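Trainee: I'm new to this one and would love a guided look. Could you show me the structure before I start asking things?

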Amino acid sequence: MIDTVQGRISLEVKDEIRRRVQQISLDTLILKFIDTDGKDVNQRQLLVDYIKVFPEEMLKIQKLLLQNRVSNKATAKIINTLGVNGTPYAQKALINIMKDESQMKNNRIQAARSLGGLKNPIIAVIDALWDVSEVRRNSLTCDISSTALLALGKISSEVKRENPSLSRSSISSAAFLVA
């Protein structure tokens, strides 16, 4: 059974997934995902399962996206899959994509949006979103900065909803810092 709050997988489920994906590489999965333009639900689930069993493989995705062999639709779905996965490795991959200035603008913005949708972001996510939100050199960085700021707002809204005991002043202080 999968604990969706913590993103942990029971050993039985992990073993079953491992049996299904043990003969497949991440590159092969991504290529099949690309071939279907991310529309094949079974391929997407196989990719999600693979990520759950081999989370350290997530950091390879950033390099793959730099090769520009992936359509914009498939790229968006791959980045979304990282956000849905939500493991610390997936979060680090999203951070890397968002902060990597050699990535296409759409990839960076999609990564920031996915970071904003995380249920349990690691501290590095908040730090990275703050860092990116403060960079406004040109229209490219302004778009990414604005998206990072919106992601921070979404995360803080989720935290407030999940933890109503947080004081209004602590959330107001965070909002003041943004202004």
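Trainee: Thanks! Is glutamate 57 buried or exposed?

Mentor: Keep in mind that this is a predicted model. Glutamate 57 sits in the loop between helix 3 and helix 4. Its relative accessible area is 15%. Buried means under 20%, so glutamate 57 is buried.

Trainee: Which residues is glutamate 57 in contact with, leaving aside its neighbours within four places in sequence?

Mentor: One residue to look at beforehand is tyrosine 89, 32 residues apart from glutamate 57 along the chain, with 8.1 Å between the two C-alpha atoms. The contacts of glutamate 57, once neighbours within four places in sequence are left aside, are with Leu26 and Tyr50.

Trainee: Let's step back to the whole chain. How many helices and strands does the secondary structure come to?

Mentor: Reading from the N terminus, the elements run β-β-α-α-α-α-α-α-α-α-α-α. Counted up, that secondary structure comes to two strands and 10 helices.

Trainee: And what percentage of the residues in the chain is buried?

Mentor: The chain has 179 residues. As with glutamate 57, the cut-off for buried is under 20% relative accessible area. The buried share of the chain is 39%.

Trainee: Which helix gives the largest share of the largest nonpolar core?

Mentor: In soluble globular proteins, nonpolar side chains tend to be buried together. Here the largest nonpolar core holds 41 residues, and Ile30, Ile61, Leu82, Met98, Leu115 and Leu129 touch the most other members. The elements giving two or more residues to this core include helix 4 (59-66), helix 6 (88-99) and helix 8 (123-133). The largest share, six residues, comes from helix 6.

Trainee: Met98 was on that list. Which residues is methionine 98 in contact with, beyond its neighbours within four places in sequence?

Mentor: Methionine 98 is one of the residues in helix 6 that meet helix 8. Setting aside neighbours within four places in sequence, its contacts are Arg108, Ala111, Ala112, Leu115, Ala128, Leu129 and Val132.

Trainee: How are helix 6 and helix 8 oriented to each other, roughly parallel or roughly perpendicular?

Mentor: Gln91, Ile95, Met98 and Lys99 in helix 6 meet Ala124, Val125, Ala128, Leu129, Asp131 and Val132 in helix 8. By class, this contact has seven nonpolar, one polar and two charged residues. The axes are 10 Å apart, at an angle of about 10°. Angles under 35 degrees count as roughly parallel, so helix 6 and helix 8 are roughly parallel.

Trainee: Is alanine 124 buried or partly exposed?

Mentor: Alanine 124 is found in helix 8. From its C-alpha to that of lysine 92 is 7.8 Å, although the two are 32 residues apart in sequence. The relative accessibility of alanine 124 is 35%. Partly exposed lies between the 20% and 50% cut-offs, so alanine 124 counts as partly exposed.

Trainee: What about helix 4 and helix 6: is their crossing left-handed or right-handed?

Mentor: These helices pack with their axes 8 Å apart and an angle of about 30°. That makes helix 4 roughly parallel to helix 6. Leu59, Gln62 and Leu65 in helix 4 meet Tyr89, Lys92, Ala93, Asn96 and Ile97 in helix 6. The crossing of helix 4 and helix 6 is right-handed.

How values were computed: Residues are numbered from 1 along each chain as its sequence is written. This is a predicted model: local features need pLDDT of at least 70, side-chain atom pairs count only at pLDDT 80 or more; totals for chains, interfaces and linings use all residues. Side-chain values use heavy atoms; hydrogens and water are left out. A nonpolar core is a set of buried Ala, Val, Leu, Ile, Met, Phe, Trp, Tyr and Cys residues joined through side-chain atoms within 4.5 Å. Buried means under 20% relative accessible area, exposed over 50%, partly exposed in between (1.4 Å probe, protein chains only). Helices (H or I, at least four residues) and strands (E, at least two) are DSSP runs, numbered from the N terminus. Contact means heavy atoms within 4.5 Å. Axes are lines fitted to C-alpha atoms, for helices over the stretch in contact, and angles run from 0 to 180 degrees between N-to-C directions. Angles under 35 degrees count as roughly parallel, over 145 as roughly antiparallel, 65 to 115 as roughly perpendicular and the rest as oblique. A crossing is left-handed if the near helix is turned anticlockwise from the far one by less than a right angle, and right-handed if clockwise. Ala, Val, Leu, Ile, Met, Phe, Trp, Tyr, Cys and Pro count as nonpolar, Asp, Glu, Lys and Arg as charged, and the others, Gly among them, as polar.
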